[in-house]
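Q: I would like a close look at a single part of this model, taken slowly and with its surroundings included. Please keep the answer connected rather than itemised.

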Amino acid sequence: MQGTDVVRSGRDRVGATGHDGRAPLGQRQGRHPGAQAGAAAQADVQGAGAQAGMSGRPVSQQSGHSGHQRFEQGSNPGGGRGGPQTGVPNSTAAGSGRGSHGAGPGAPHGSAAESGYAARPGSVHAGNRAASSGRVDLFESEDSGPPPLYAALDLGTNNCRLLIAQPTRPGQFRVVDGFSRIVRLGEGLAASGRLSEDAMNRSVEALKICAAKLGHRNIRRSRLIATEAARAAENGVVFMERVSAETGLELEIIDRETEARLAVSGCASLVGREARSVVLFDIGGGSSEIAVLHIGDNRSSRLANHITHWTSLPVGVVTLSERHGGRDVTPESFEGMIREVSGMLDRFDCPAIEAVRAADDFHLIGTSGTVTTLAGVHLDLPRYDRRRVDGLWLSDDEVSAMQARLLSWDFAARAANPCIGPDRADLVLAGCAILEAIRRRWPSTRMRVADRGLREGLLTDMMADDGVWRRGRGRRPSRPGPQTGSEEGRSS
């Protein structure tokens, strides 16, 4: 696999990875203090988490919600090209929020809805199949106990996100808790080279809530990562030490290759069997990862093994909007953003377009708030709904039409849209500019939308490393109903 860092020579090695782009074995097995801290020192952490909900942004009003709701990773089962999913009932409580975008107007911060997963009592869909019986296949551990819990936390330039999940059918998992909050850790980083005090304070408050959630459950393995903002900041390592001291969590600053591989792992189920070549991109707050995959006839169970070329652009929606302005964007300034990103892509050593498209089927997969926002606007959703968006196909013409539509809106109109909201209104057009540069480099007739990413990749890799899907044998509960253990209080 060839990797390119378009700004720095070589690759970042903070939290260095092995030759396959993953973390050292000790980190992959959760042998870092953060994997233990949630349970070991929880008396202090729980108190800090409670204070965080009072002193920071308000904790979700749904925090006491129960009903044994089930959360499942999966793609839009009706994800026809460019069309909405049909036959899916309206979600309950937390299920109609804004997914990975953060809270929309009037929506509480840190809710389960913000984690990007819809709550659906008595019904589960896994992968591309819907379970009509209201049951879910769980996999027993070797001692016939309940399935183990795994946790993944991603502290990015814009968001802090957590998922806690159990393995179910091979290659799939069931999310039992989630948290997401827009913290803008990278705010002002491009100009100063440092994380600001306000940004660090916001992030620590969110991480205290994550620590409390982790401490309430018996987690077999966890992996807690930080990406571009912590990677690029002069005081990134110092901030990680502060996080450890104040929350008990030990975050691992991953390098760019690892980030690209995790993005691919998280979206593996959205690559159809017919696909032979794919360009997958993750537009973040401070960096954008792009991976070129050639699958061929022998498809590996780990899609990341098919990466032939990758790059990490040191630009994301936060950094690009700060440089060019995100509130008042003109066609000229929008084109200026595209030119900046296109210049970075020009330095990416990758096969020519003709070579990439020589395969029988080629398409783009986009995982980021930018592409999910475009999908939500395209579907004209009254509120963002992950089930309608994740796995959706958009044609090239539809993507162009949505970008033109957003560019025609002023800041107030973007902020008023329920799939954008005020938290993302100044960022979405910068994301569209990055997307447009990618589309010009790799023209494709269609793009698939993924409301998933690094956390899902972390969970999938940990479960695969542990062999839970190889060892487990399917067990169907004797009758529909809640699984072992309570699932109450998922919302933060």
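In which helix is Arg-202 found, and what surrounds that residue and that helix?

A: This is a predicted model, and in it Arg-202 belongs to helix α5, which spans residues 197-215. With a relative accessible area of 26%, Arg-202 counts as partly exposed, because that value lies between the 20% under which a residue is buried and the 50% over which it is exposed. Leaving aside residues up to four places away in sequence, Arg-202 touches Val-183, Arg-184 and Glu-187. With one of these, Arg-184, there is a polar approach, in which the side chain of Arg-202 comes to 3.1 Å from the backbone oxygen of Arg-184. Ile-182, which is 20 residues from Arg-202 in sequence, lies 8.8 Å from it in space, C-alpha to C-alpha.

Turning from the residue to its helix, α5 packs with helix α7, residues 236-247, at an angle of about 40 degrees, and the two axes are 10 Å apart. Since angles of 35 degrees to 65 degrees fall outside the roughly parallel and roughly perpendicular ranges, α5 and α7 are therefore oblique to each other, and their crossing is right-handed. On the α5 side the contact is made by Glu-197, Met-200, Asn-201, Ser-203, Val-204, Leu-207, Lys-208 and Ala-211, while α7 contributes Phe-239, Arg-242, Val-243, Glu-246 and Thr-247. By character, the residues of this contact between α5 and α7 comprise six nonpolar, three polar and four charged.

Note on methods. Residues are numbered from 1 along each chain as its sequence is written. This is a predicted model: local features need pLDDT of at least 70, side-chain atom pairs count only at pLDDT 80 or more; totals for chains, interfaces and linings use all residues. Side-chain values use heavy atoms; hydrogens and water are left out. Axes are lines fitted to C-alpha atoms, for helices over the stretch in contact, and angles run from 0 to 180 degrees between N-to-C directions. Helices (H or I, at least four residues) and strands (E, at least two) are DSSP runs, numbered from the N terminus. Angles under 35 degrees count as roughly parallel, over 145 as roughly antiparallel, 65 to 115 as roughly perpendicular and the rest as oblique. A crossing is left-handed if the near helix is turned anticlockwise from the far one by less than a right angle, and right-handed if clockwise. Contact means heavy atoms within 4.5 Å. Ala, Val, Leu, Ile, Met, Phe, Trp, Tyr, Cys and Pro count as nonpolar, Asp, Glu, Lys and Arg as charged, and the others, Gly among them, as polar. Buried means under 20% relative accessible area, exposed over 50%, partly exposed in between (1.4 Å probe, protein chains only). A polar contact is a pair of N or O atoms within 3.5 Å; within protein, one must be able to donate a hydrogen and the other to accept it, and residues adjacent in sequence count only if both atoms are side-chain atoms.
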